[in-house]
Amino acid sequence: MNLFNIGVEGQYIVATFAAAVFAGQAFLPGAFNTMATIFVAMAAGAAWAGIAGLLRVTRGVSEVISTIMLNAIALALVAYLLRRAGSREGQAIVTDEIPESSWVPNISLFPDSVTKFFGLGVLAVVAGVAFSILLNRTRFGFNLRATGQAETAAVASGVDVKRMVLYSMLLSGAVAGLIGMPQLFGSSHQYGSTIQTGIGFTGIAVALLGRNSPWGIAAGALIFAYLTEQANPLGIVAGISPDIIAVTQGVVVLSVVIAYEVVRRYRVSLEQQEVAQALSEEPEMQEATR
Amino acid sequence: MTPALRKVALSMAAPLLAFGVAGLVTTLILLGAGDKPADFWNTILSWPENRNLVNILNYSAILYLSGLAAAIGF
(Lines give C-alpha, C1' and ligand atoms only; values in the text may rest on other atoms or scores of the structure.)
Protein backbone atom coordinates (compact mmCIF):
# COMPACT_ATOMS: atom_id res chain seq x y z
CA MET A 1 0.00 0.00 0.00
CA ASN A 2 2.93 2.27 -0.82
CA LEU A 3 4.08 2.25 2.76
CA PHE A 4 7.84 1.97 2.99
CA ASN A 5 8.93 0.53 6.27
CA ILE A 6 12.69 1.14 6.17
CA GLY A 7 12.76 0.52 9.91
CA VAL A 8 12.72 -3.29 9.88
CA GLU A 9 16.30 -3.22 11.19
CA GLY A 10 15.43 -1.09 14.23
CA GLN A 11 12.27 -3.07 14.95
CA TYR A 12 14.27 -6.30 14.79
CA ILE A 13 16.94 -4.98 17.20
CA VAL A 14 14.41 -3.62 19.72
CA ALA A 15 12.25 -6.76 19.54
CA THR A 16 15.16 -9.20 19.86
CA PHE A 17 16.53 -7.29 22.85
CA ALA A 18 13.13 -7.12 24.56
CA ALA A 19 12.58 -10.81 23.88
CA ALA A 20 15.99 -11.83 25.21
CA VAL A 21 15.53 -9.81 28.41
CA PHE A 22 12.03 -11.23 28.92
CA ALA A 23 13.05 -14.83 28.20
CA GLY A 24 16.10 -14.48 30.45
CA GLN A 25 13.86 -13.64 33.43
CA ALA A 26 12.11 -17.03 33.01
CA PHE A 27 8.76 -15.84 34.36
CA LEU A 28 7.16 -18.94 32.86
CA PRO A 29 8.40 -22.51 32.67
CA GLY A 30 9.76 -24.26 29.57
CA ALA A 31 7.83 -23.91 26.33
CA PHE A 32 5.41 -21.37 27.83
CA ASN A 33 8.35 -19.03 28.23
CA THR A 34 9.23 -19.59 24.55
CA MET A 35 5.71 -18.85 23.33
CA ALA A 36 5.32 -15.82 25.56
CA THR A 37 8.69 -14.52 24.39
CA ILE A 38 7.69 -14.78 20.73
CA PHE A 39 4.60 -12.77 21.60
CA VAL A 40 6.72 -10.20 23.44
CA ALA A 41 9.02 -9.90 20.41
CA MET A 42 6.08 -9.29 18.07
CA ALA A 43 4.60 -6.73 20.48
CA ALA A 44 7.92 -4.90 20.85
CA GLY A 45 8.50 -4.81 17.08
CA ALA A 46 4.94 -3.61 16.51
CA ALA A 47 5.28 -0.93 19.18
CA TRP A 48 8.50 0.42 17.66
CA ALA A 49 6.96 0.46 14.18
CA GLY A 50 3.79 1.93 15.68
CA ILE A 51 5.66 5.12 16.59
CA ALA A 52 6.28 5.76 12.90
CA GLY A 53 2.69 4.70 12.09
CA LEU A 54 1.22 7.10 14.63
CA LEU A 55 3.44 9.96 13.46
CA ARG A 56 2.27 9.32 9.90
CA VAL A 57 -1.46 9.26 10.60
CA THR A 58 -1.60 12.03 13.20
CA ARG A 59 1.10 14.42 11.98
CA GLY A 60 1.71 13.38 8.38
CA VAL A 61 5.38 12.59 8.99
CA SER A 62 6.72 10.46 6.13
CA GLU A 63 7.28 6.93 7.40
CA VAL A 64 10.42 6.66 5.27
CA ILE A 65 12.10 9.45 7.25
CA SER A 66 10.79 8.47 10.67
CA THR A 67 11.62 4.76 10.35
CA ILE A 68 15.18 5.53 9.19
CA MET A 69 15.63 7.83 12.17
CA LEU A 70 14.07 5.29 14.51
CA ASN A 71 16.69 2.77 13.32
CA ALA A 72 19.46 4.96 14.69
CA ILE A 73 17.56 5.57 17.93
CA ALA A 74 16.85 1.84 18.31
CA LEU A 75 20.53 0.93 18.04
CA ALA A 76 21.56 3.59 20.55
CA LEU A 77 18.72 2.87 22.96
CA VAL A 78 19.36 -0.87 23.01
CA ALA A 79 23.11 -0.33 23.44
CA TYR A 80 22.33 1.89 26.42
CA LEU A 81 19.79 -0.47 27.97
CA LEU A 82 22.07 -3.45 27.42
CA ARG A 83 24.56 -2.00 29.87
CA ARG A 84 21.80 -1.76 32.47
CA ALA A 85 20.18 -5.13 31.81
CA GLY A 86 23.21 -7.15 30.77
CA SER A 87 26.50 -8.26 32.21
CA ARG A 88 30.01 -8.37 30.77
CA GLU A 89 31.15 -11.60 29.19
CA GLY A 90 34.60 -11.34 27.63
CA GLN A 91 34.58 -8.48 25.13
CA ALA A 92 30.79 -8.38 24.78
CA ILE A 93 27.93 -7.35 27.02
CA VAL A 94 25.13 -9.92 27.08
CA THR A 95 21.72 -10.38 28.66
CA ASP A 96 20.95 -13.26 31.01
CA GLU A 97 20.94 -16.60 29.23
CA ILE A 98 17.57 -18.16 28.47
CA PRO A 99 16.97 -21.24 30.68
CA GLU A 100 17.74 -24.42 28.76
CA SER A 101 14.20 -25.74 29.17
CA SER A 102 12.98 -22.91 26.91
CA TRP A 103 15.46 -23.52 24.08
CA VAL A 104 14.04 -24.75 20.81
CA PRO A 105 15.90 -27.84 19.59
CA ASN A 106 17.58 -27.52 16.21
CA ILE A 107 16.79 -29.95 13.44
CA SER A 108 19.58 -32.10 12.05
CA LEU A 109 19.11 -32.17 8.28
CA PHE A 110 22.25 -34.10 7.37
CA PRO A 111 23.84 -36.68 9.68
CA ASP A 112 27.36 -35.60 8.67
CA SER A 113 26.77 -31.86 9.13
CA VAL A 114 27.93 -30.01 12.24
CA THR A 115 25.42 -27.22 11.58
CA LYS A 116 21.73 -27.72 12.25
CA PHE A 117 18.56 -26.03 11.04
CA PHE A 118 17.01 -23.63 13.59
CA GLY A 119 13.87 -25.13 15.12
CA LEU A 120 12.14 -21.76 14.90
CA GLY A 121 13.06 -21.52 11.22
CA VAL A 122 9.54 -22.90 10.73
CA LEU A 123 8.33 -19.44 11.79
CA ALA A 124 9.27 -18.33 8.27
CA VAL A 125 6.91 -20.91 6.74
CA VAL A 126 4.12 -20.04 9.18
CA ALA A 127 4.55 -16.32 8.51
CA GLY A 128 4.63 -16.89 4.75
CA VAL A 129 1.37 -18.86 4.78
CA ALA A 130 -0.28 -16.31 7.09
CA PHE A 131 0.90 -13.50 4.82
CA SER A 132 -0.61 -14.98 1.67
CA ILE A 133 -3.89 -15.86 3.40
CA LEU A 134 -4.12 -12.38 4.88
CA LEU A 135 -3.36 -10.68 1.58
CA ASN A 136 -5.48 -12.84 -0.74
CA ARG A 137 -8.29 -14.25 1.36
CA THR A 138 -9.32 -11.59 3.86
CA ARG A 139 -11.16 -8.32 3.69
CA PHE A 140 -8.24 -6.62 5.41
CA GLY A 141 -5.88 -7.88 2.71
CA PHE A 142 -8.24 -6.71 -0.02
CA ASN A 143 -8.45 -3.25 1.53
CA LEU A 144 -4.68 -3.21 1.87
CA ARG A 145 -4.15 -4.01 -1.82
CA ALA A 146 -6.90 -1.63 -2.88
CA THR A 147 -5.34 1.22 -0.92
CA GLY A 148 -1.99 0.55 -2.55
CA GLN A 149 -3.28 0.30 -6.11
CA ALA A 150 -5.85 3.10 -6.10
CA GLU A 151 -6.16 5.11 -2.95
CA THR A 152 -9.01 7.32 -4.13
CA ALA A 153 -11.03 4.27 -5.19
CA ALA A 154 -10.38 2.67 -1.83
CA VAL A 155 -11.50 5.78 0.01
CA ALA A 156 -14.63 5.94 -2.15
CA SER A 157 -15.51 2.37 -1.20
CA GLY A 158 -15.23 3.19 2.48
CA VAL A 159 -11.69 2.16 3.41
CA ASP A 160 -10.26 4.12 6.33
CA VAL A 161 -6.81 4.78 4.88
CA LYS A 162 -5.34 6.12 8.12
CA ARG A 163 -6.36 3.01 9.97
CA MET A 164 -4.91 0.81 7.21
CA VAL A 165 -1.60 2.69 7.42
CA LEU A 166 -1.41 2.20 11.17
CA TYR A 167 -2.43 -1.48 11.01
CA SER A 168 0.03 -2.38 8.29
CA MET A 169 2.82 -0.59 10.11
CA LEU A 170 2.02 -2.54 13.31
CA LEU A 171 1.83 -5.79 11.35
CA SER A 172 5.11 -5.10 9.59
CA GLY A 173 6.77 -4.41 12.94
CA ALA A 174 5.32 -7.57 14.46
CA VAL A 175 6.81 -9.69 11.67
CA ALA A 176 10.10 -7.81 12.01
CA GLY A 177 10.03 -8.86 15.66
CA LEU A 178 10.17 -12.50 14.60
CA ILE A 179 13.45 -12.11 12.67
CA GLY A 180 15.67 -12.64 15.69
CA MET A 181 13.76 -15.57 17.16
CA PRO A 182 15.29 -18.56 15.28
CA GLN A 183 18.78 -17.49 16.33
CA LEU A 184 17.82 -16.46 19.88
CA PHE A 185 16.24 -19.80 20.72
CA GLY A 186 18.42 -21.90 18.43
CA SER A 187 21.99 -20.81 18.99
CA SER A 188 22.76 -17.56 20.87
CA HIS A 189 20.27 -17.97 23.76
CA GLN A 190 20.98 -14.38 24.80
CA TYR A 191 21.17 -10.90 23.32
CA GLY A 192 24.69 -9.63 22.99
CA SER A 193 26.40 -6.55 21.59
CA THR A 194 27.70 -8.86 18.84
CA ILE A 195 24.20 -9.29 17.33
CA GLN A 196 24.11 -9.64 13.56
CA THR A 197 23.13 -6.28 12.05
CA GLY A 198 21.98 -5.36 8.57
CA ILE A 199 19.37 -8.11 8.22
CA GLY A 200 16.56 -5.54 8.16
CA PHE A 201 18.12 -3.72 5.23
CA THR A 202 18.83 -6.91 3.31
CA GLY A 203 15.17 -7.78 3.87
CA ILE A 204 14.11 -4.69 1.93
CA ALA A 205 16.27 -5.84 -0.98
CA VAL A 206 14.77 -9.33 -0.76
CA ALA A 207 11.23 -7.90 -0.78
CA LEU A 208 12.04 -5.80 -3.87
CA LEU A 209 13.56 -8.82 -5.61
CA GLY A 210 10.53 -10.96 -4.76
CA ARG A 211 8.00 -8.33 -5.84
CA ASN A 212 6.22 -8.75 -2.48
CA SER A 213 4.83 -12.16 -3.41
CA PRO A 214 5.33 -14.91 -0.78
CA TRP A 215 7.04 -17.20 -3.32
CA GLY A 216 9.08 -14.42 -4.83
CA ILE A 217 10.41 -13.37 -1.43
CA ALA A 218 11.27 -17.01 -0.68
CA ALA A 219 13.28 -17.22 -3.90
CA GLY A 220 14.96 -13.90 -3.17
CA ALA A 221 15.86 -14.94 0.39
CA LEU A 222 17.30 -18.26 -0.82
CA ILE A 223 19.40 -16.61 -3.50
CA PHE A 224 20.74 -13.91 -1.18
CA ALA A 225 21.53 -16.47 1.52
CA TYR A 226 23.22 -18.69 -1.07
CA LEU A 227 25.40 -15.84 -2.37
CA THR A 228 26.38 -14.72 1.14
CA GLU A 229 27.28 -18.23 2.28
CA GLN A 230 29.15 -19.12 -0.92
CA ALA A 231 31.18 -15.92 -0.75
CA ASN A 232 32.57 -16.76 2.72
CA PRO A 233 35.51 -18.89 1.52
CA LEU A 234 36.38 -16.43 -1.30
CA GLY A 235 39.19 -14.87 0.74
CA ILE A 236 40.85 -18.20 1.56
CA VAL A 237 40.24 -20.03 -1.71
CA ALA A 238 40.71 -17.26 -4.26
CA GLY A 239 42.26 -14.35 -2.36
CA ILE A 240 39.24 -12.17 -3.19
CA SER A 241 37.50 -10.14 -0.48
CA PRO A 242 34.04 -11.63 0.23
CA ASP A 243 32.71 -8.05 0.32
CA ILE A 244 32.44 -8.24 -3.48
CA ILE A 245 29.27 -10.31 -3.05
CA ALA A 246 27.53 -7.38 -1.34
CA VAL A 247 28.29 -5.39 -4.49
CA THR A 248 26.74 -8.17 -6.60
CA GLN A 249 23.64 -8.22 -4.39
CA GLY A 250 23.32 -4.46 -4.58
CA VAL A 251 23.56 -4.48 -8.36
CA VAL A 252 20.96 -7.27 -8.51
CA VAL A 253 18.45 -5.13 -6.61
CA LEU A 254 19.20 -2.04 -8.68
CA SER A 255 18.94 -3.86 -12.00
CA VAL A 256 15.88 -5.89 -11.02
CA VAL A 257 13.94 -2.66 -10.54
CA ILE A 258 15.02 -1.52 -14.01
CA ALA A 259 14.40 -4.96 -15.54
CA TYR A 260 10.83 -5.14 -14.22
CA GLU A 261 10.10 -1.78 -15.81
CA VAL A 262 11.65 -2.86 -19.14
CA VAL A 263 9.60 -6.07 -19.14
CA ARG A 264 6.44 -4.19 -18.17
CA ARG A 265 6.86 -1.83 -21.14
CA TYR A 266 7.52 -4.76 -23.46
CA ARG A 267 4.37 -6.48 -22.19
CA VAL A 268 2.29 -3.34 -22.73
CA SER A 269 3.57 -2.94 -26.30
CA LEU A 270 2.82 -6.64 -26.98
CA GLU A 271 -0.75 -6.15 -25.77
CA GLN A 272 -1.14 -3.04 -27.90
CA GLN A 273 0.02 -4.95 -30.96
CA GLU A 274 -2.45 -7.74 -30.26
CA VAL A 275 -5.34 -5.32 -29.83
CA ALA A 276 -4.36 -3.45 -33.02
CA GLN A 277 -4.19 -6.74 -34.92
CA ALA A 278 -7.56 -7.90 -33.58
CA LEU A 279 -9.16 -4.59 -34.54
CA SER A 280 -7.74 -4.61 -38.06
CA GLU A 281 -9.03 -8.15 -38.64
CA GLU A 282 -12.51 -7.30 -37.45
CA PRO A 283 -13.83 -5.42 -40.55
CA GLU A 284 -12.96 -8.37 -42.79
CA MET A 285 -14.91 -10.69 -40.53
CA GLN A 286 -17.90 -8.37 -40.75
CA GLU A 287 -17.56 -8.39 -44.52
CA ALA A 288 -17.55 -12.17 -44.55
CA THR A 289 -20.68 -12.48 -42.42
CA ARG A 290 -22.60 -10.03 -44.55
CA MET B 1 4.12 -19.27 -28.08
CA THR B 2 0.96 -19.89 -26.06
CA PRO B 3 -0.26 -17.01 -23.85
CA ALA B 4 0.29 -19.04 -20.65
CA LEU B 5 3.84 -19.93 -21.60
CA ARG B 6 4.55 -16.34 -22.58
CA LYS B 7 3.27 -15.11 -19.22
CA VAL B 8 5.69 -17.40 -17.39
CA ALA B 9 8.57 -16.42 -19.68
CA LEU B 10 7.88 -12.72 -19.19
CA SER B 11 7.68 -13.01 -15.40
CA MET B 12 10.99 -14.88 -15.32
CA ALA B 13 12.66 -12.50 -17.76
CA ALA B 14 13.16 -9.61 -15.33
CA PRO B 15 14.93 -11.50 -12.52
CA LEU B 16 17.09 -13.42 -15.02
CA LEU B 17 18.02 -10.19 -16.78
CA ALA B 18 18.89 -8.58 -13.43
CA PHE B 19 21.14 -11.46 -12.38
CA GLY B 20 22.82 -11.42 -15.78
CA VAL B 21 23.58 -7.71 -15.47
CA ALA B 22 24.78 -8.11 -11.86
CA GLY B 23 27.06 -10.98 -12.88
CA LEU B 24 28.48 -8.90 -15.70
CA VAL B 25 29.07 -5.86 -13.48
CA THR B 26 30.74 -8.04 -10.83
CA THR B 27 33.01 -9.60 -13.44
CA LEU B 28 33.99 -6.16 -14.74
CA ILE B 29 34.76 -4.91 -11.21
CA LEU B 30 36.89 -7.99 -10.50
CA LEU B 31 38.77 -7.49 -13.78
CA GLY B 32 39.24 -3.81 -13.02
CA ALA B 33 40.61 -4.54 -9.55
CA GLY B 34 42.99 -7.19 -10.90
CA ASP B 35 41.26 -10.26 -9.41
CA LYS B 36 40.51 -13.37 -11.46
CA PRO B 37 36.77 -13.63 -12.26
CA ALA B 38 37.19 -17.37 -12.95
CA ASP B 39 38.23 -17.98 -9.33
CA PHE B 40 35.23 -15.98 -8.14
CA TRP B 41 32.73 -17.89 -10.27
CA ASN B 42 34.25 -21.26 -9.42
CA THR B 43 33.82 -20.55 -5.71
CA ILE B 44 30.34 -19.07 -5.97
CA LEU B 45 28.95 -21.71 -8.32
CA SER B 46 30.48 -24.77 -6.65
CA TRP B 47 27.90 -27.01 -4.95
CA PRO B 48 27.83 -26.15 -1.21
CA GLU B 49 28.73 -28.78 1.36
CA ASN B 50 26.00 -30.04 3.64
CA ARG B 51 26.97 -27.78 6.54
CA ASN B 52 26.89 -24.79 4.19
CA LEU B 53 23.50 -25.89 2.85
CA VAL B 54 22.14 -25.79 6.41
CA ASN B 55 23.65 -22.33 6.92
CA ILE B 56 21.99 -21.18 3.71
CA LEU B 57 18.61 -22.48 4.90
CA ASN B 58 19.02 -20.85 8.31
CA TYR B 59 19.95 -17.51 6.80
CA SER B 60 17.12 -17.74 4.24
CA ALA B 61 14.56 -18.32 7.00
CA ILE B 62 15.75 -15.15 8.74
CA LEU B 63 15.90 -13.15 5.50
CA TYR B 64 12.44 -14.41 4.56
CA LEU B 65 10.95 -13.00 7.76
CA SER B 66 12.79 -9.74 7.13
CA GLY B 67 11.60 -9.59 3.53
CA LEU B 68 8.04 -10.34 4.58
CA ALA B 69 8.11 -7.54 7.15
CA ALA B 70 9.23 -5.08 4.48
CA ALA B 71 6.73 -6.40 1.93
CA ILE B 72 3.61 -5.81 4.05
CA GLY B 73 3.91 -2.08 3.51
CA PHE B 74 4.85 -2.11 -0.18
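The paragraphs below lead from the overall build of chain A, through a few of its residues and one of its helices, to the contact with chain B.

The model is predicted, and chain A is a convenient place to begin. The secondary structure of chain A comes to 12 helices and 2 strands, and, read from the N terminus on, the elements follow the order α-α-α-β-β-α-α-α-α-α-α-α-α-α. Along its principal axes, the C-alpha trace of this chain spans about 90 × 55 × 35 Å. Of the 290 residues of chain A, 45% count as buried, while the accessible surface of the chain comes to about 15200 Å², with 64% of that area belonging to carbon and sulfur atoms. When the contacts in chain A between residues at least 6 apart in sequence are considered, 69% of them join residues at least 24 apart.

The N-terminal part of the chain offers two residues to look at in turn. In the loop between helix H1 (8–25) and H2 of chain A lies A:Ala26, whose phi is near 55°, a positive value in a residue other than glycine. A:Ala26 has a relative accessible area of 34% and is therefore partly exposed, since that class covers values between 20% and 50%. A:Thr34, by contrast in setting, has its place within helix H2 (residues 30–59) of chain A. Is A:Thr34 buried or exposed? Its relative accessible area is 8%, so A:Thr34 is buried, the limit for that class being under 20%. Leaving aside residues up to four places away in sequence, A:Thr34 touches A:Ser102, A:Val104 and A:Phe185. The C-alpha atoms of A:Thr34 and A:Ala19 are separated by 9.4 Å, the two residues being 15 residues apart along the chain.

Further along, the loop between H8 and H9 of chain A holds A:His189. The phi of A:His189 is near 60°, which is again a positive value in a residue other than glycine, and A:His189 counts as buried because its relative accessibility is 8%. The helix that follows this loop, H9(A), is mostly covered, with 9 of its 11 residues buried; among them are A:Ile199, A:Gly200, A:Thr202, A:Gly203 and A:Ile204, and the list also includes A:Ala205, A:Val206, A:Ala207 and A:Leu209. Just after H9(A), A:Arg211 takes a positive phi of about 50°.

The last subject is the contact between the two chains, where 77 residues of chain A are in contact with 50 residues of chain B. Between them the chains bury about 5500 Å², of which 75% is on carbon and sulfur atoms. The count of salt bridges between chain A and chain B is 0, whereas 14 residue pairs, both members at pLDDT 80 or more, are in polar contact. On the side of chain A that touches chain B, at least two residues each are supplied by helix H4 (122–137), helix H7 (161–178), helix H8 (181–188), helix H9 (199–209), helix H10 (214–231), helix H11 (234–238) and helix H12 (244–289). Which helix gives the largest share of this side of chain A? That share, 15 residues, comes from H12(A). Sorted by class, the side of chain A that touches chain B has 53 nonpolar, 19 polar and 5 charged residues.

Key:
Residues are numbered from 1 along each chain as its sequence is written. Chains are lettered from A and ligands numbered from 1 in the order in which they are written. This is a predicted model: local features need pLDDT of at least 70, side-chain atom pairs count only at pLDDT 80 or more; totals for chains, interfaces and linings use all residues. Side-chain values use heavy atoms; hydrogens and water are left out. Contact means heavy atoms within 4.5 Å. Buried area is the accessible area (1.4 Å probe) that two parts lose on being put together, summed over both. A salt bridge is a side-chain nitrogen of Lys or Arg within 4 Å of a carboxyl oxygen of Asp or Glu. A polar contact is a pair of N or O atoms within 3.5 Å; within protein, one must be able to donate a hydrogen and the other to accept it, and residues adjacent in sequence count only if both atoms are side-chain atoms. Helices (H or I, at least four residues) and strands (E, at least two) are DSSP runs, numbered from the N terminus. Ala, Val, Leu, Ile, Met, Phe, Trp, Tyr, Cys and Pro count as nonpolar, Asp, Glu, Lys and Arg as charged, and the others, Gly among them, as polar. Buried means under 20% relative accessible area, exposed over 50%, partly exposed in between (1.4 Å probe, protein chains only). Accessible areas come from the Shrake-Rupley method with a 1.4 Å probe; for residues, only the protein chains shown count as cover.
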